[in-house]
Amino acid sequence: MRRTKRYPVEGSNSLWQIYKTVPFWKVVKSFVVIQIARYTPSISLKNWMYRHLLKMKVGDQTAVALMVMMDIMFPEKISIGRNSIIGYNTTILAHEYLIDEYRLGDVVIGDEVMVGANSTILPGVTIGDGAIVSAGTLVHQDVPAGSFVGGNPMRVIYTKEEMEQRSKAQMME
C-alpha cells in the first residue's frame, strides 16, 4: 500500500475545494516554475529551479528530461537521489484529489534510478536505489532496490538478484 495521508472533505469534491488545501499563489508559482523547467534544455538550471524555487530534493548529476511534469500543488514532497534519470514526459504526483477526500504522500526516488519516458509515479511510493522503471509504467507501489519493473499495472520483471545474474551472463558471452 502507498504511504499517503488522507484528508476527508464534505460537500463538493476535494478538487473543487483546492484552495482550502493549498495556497493559490503557491500553485501559481509552482505552475510557472514547472512549465519553464519542462522546456528548459539546461539540466543544471532545471535542477537549480527545482531545488531553490520549489524546495524539491534533487541529487547531484540527476537528469530530468524535457516535458517532465512535477506535482504542481506539493512539489516539495518529491525527492530524487543522486545520478538518476527521469525520462521524457514522466509525471510525478504527490497528491490525489478524490470525491470525498484528498491524499498526500511523499515520493522518494533513490540514487542511480532510471525512469523511462511517459511513466506516471503516484503519491506515497518509494523507488529503491538502482531500480529501472520501464517506459510507460504506472508506478502505483514501491519499487524494490535494483529491480526492473514495468507495465500498467506495474509488476516486477526482474528482481535485483535476477538482474545481477543477467549482467554476469552477458559479461561471460
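# A guided tour of the chain

Select Leu138, which is partly exposed, with a relative accessible area of 25%. That value falls between the limits of 20% for buried and 50% for exposed, and therefore the residue belongs to the partly exposed class. The model on the screen is a predicted one.

**Stop 1: Leu138 and its surroundings**

Leu138 belongs to strand S15, which covers residues 138-139. Now show the residues around Leu138. Leaving out residues up to four places away in sequence, Leu138 touches Thr120, Leu122, Gly151, Asn152 and Met154. For a distance across the model, select Phe74 as well: Leu138 and Phe74 are 64 residues apart along the chain, and their C-alpha atoms are separated by 19 Å.

**Stop 2: the bond from Asn152 to Pro153**

Asn152, one of the residues that Leu138 touches, leads to the next selection. Which form does the peptide bond from Asn152 to Pro153 take, cis or trans? The bond is cis, and its omega is near 5°. Most peptide bonds are trans. Pro153 itself is in the loop that joins strand S16 (148-150) and strand S17 (155-158).

**Stop 3: the whole chain**

Zoom out until the whole chain is visible. The chain holds 4 helices and 17 strands. Its radius of gyration is 17 Å, close to the 16 Å that the globule rule gives for 173 residues, so the chain is as compact as a globular protein of that length. Turn the model slowly: along its principal axes, the C-alpha trace spans about 60 × 35 × 20 Å. Of the 173 residues in the chain, 43% are buried. Among contacts with a separation of 6 or more, 37% are between residues 24 or more positions apart.

**Stop 4: helices H2 and H3**

Select residues 24-39, which form helix H2, and residues 43-53, which form helix H3. Two packed helices are described by the angle between their axes and the distance between the axes. Here the angle is about 165°, and the axes are 9 Å apart. That angle makes H2 roughly antiparallel to H3, because angles over 145 degrees count as roughly antiparallel. The crossing of H2 and H3 is left-handed.

Display the side chains where the two helices meet. From H2, the residues are Lys29, Val33, Ile36, Ala37 and Arg38; from H3, they are Lys46, Met49, Tyr50 and Leu53. How many residues of each class does the contact of H2 with H3 have? There are 6 nonpolar and 3 charged residues, and no polar ones.

**Stop 5: from Lys46 to Ala63**

Keep Lys46 selected and add Ala63, which is in strand S3. The two residues are 17 apart in sequence, and their C-alpha atoms are 8.9 Å apart in space. Apart from neighbours within four places in sequence, Ala63 is in contact with Ile43, Ser84, Ile85 and Ile86.

**Stop 6: two residues with positive phi**

Most residues other than glycine have a negative phi. The next two selections, Gln61 and Glu112, have a positive one. Gln61 is found in the loop between strand S2 (57-58) and strand S3 (63-64), and its phi is near 60°. Is Gln61 buried or exposed? Its relative accessibility is 61%, so Gln61 counts as exposed.

Glu112 is located in the loop between strand S10 (107-109) and strand S11 (114-115). Its phi is about 55°. With a relative accessible area of 45%, Glu112 is partly exposed.

**Stop 7: Gly128**

Go on to Gly128, in the loop between strand S13 (126-127) and strand S14 (132-133). Gly128 has a relative accessibility of 12% and counts as buried, because buried means under 20%. Outside its neighbours within four places in sequence, Gly128 is in contact with Gly110, Val113, Val143, Pro144 and Ala145. Asp71 is 57 residues from Gly128 in sequence and 20 Å from it in space, C-alpha to C-alpha.

**Stop 8: Met163 in helix H4**

Finish by selecting residues 160-172, helix H4, where Met163 lies. With neighbours within four places in sequence set aside, Met163 is in contact with Ile132, Gly146, Phe148 and Tyr158. Which distance separates the C-alpha atoms of Met163 and Phe148? They are 7.6 Å apart, and the two residues are 15 positions from each other along the chain.

Methods:
Residues numbered from 1 in each chain as written. Predicted model: local features only at pLDDT ≥ 70, side-chain atom pairs only at ≥ 80, totals over all residues. Heavy atoms only, no water. Axes fitted to C-alpha atoms, helices over the stretch in contact; angles between N-to-C directions. Parallel < 35°, antiparallel > 145°, perpendicular 65-115°, else oblique. Left-handed = near helix turned anticlockwise from the far one by under 90°. Contact = heavy atoms within 4.5 Å. Nonpolar A, V, L, I, M, F, W, Y, C, P; charged D, E, K, R; others polar. Rg over C-alpha atoms; globule rule 2.2 N^0.38 Å. Buried < 20%, exposed > 50% of the residue type's maximum accessible area, 1.4 Å probe, protein only.
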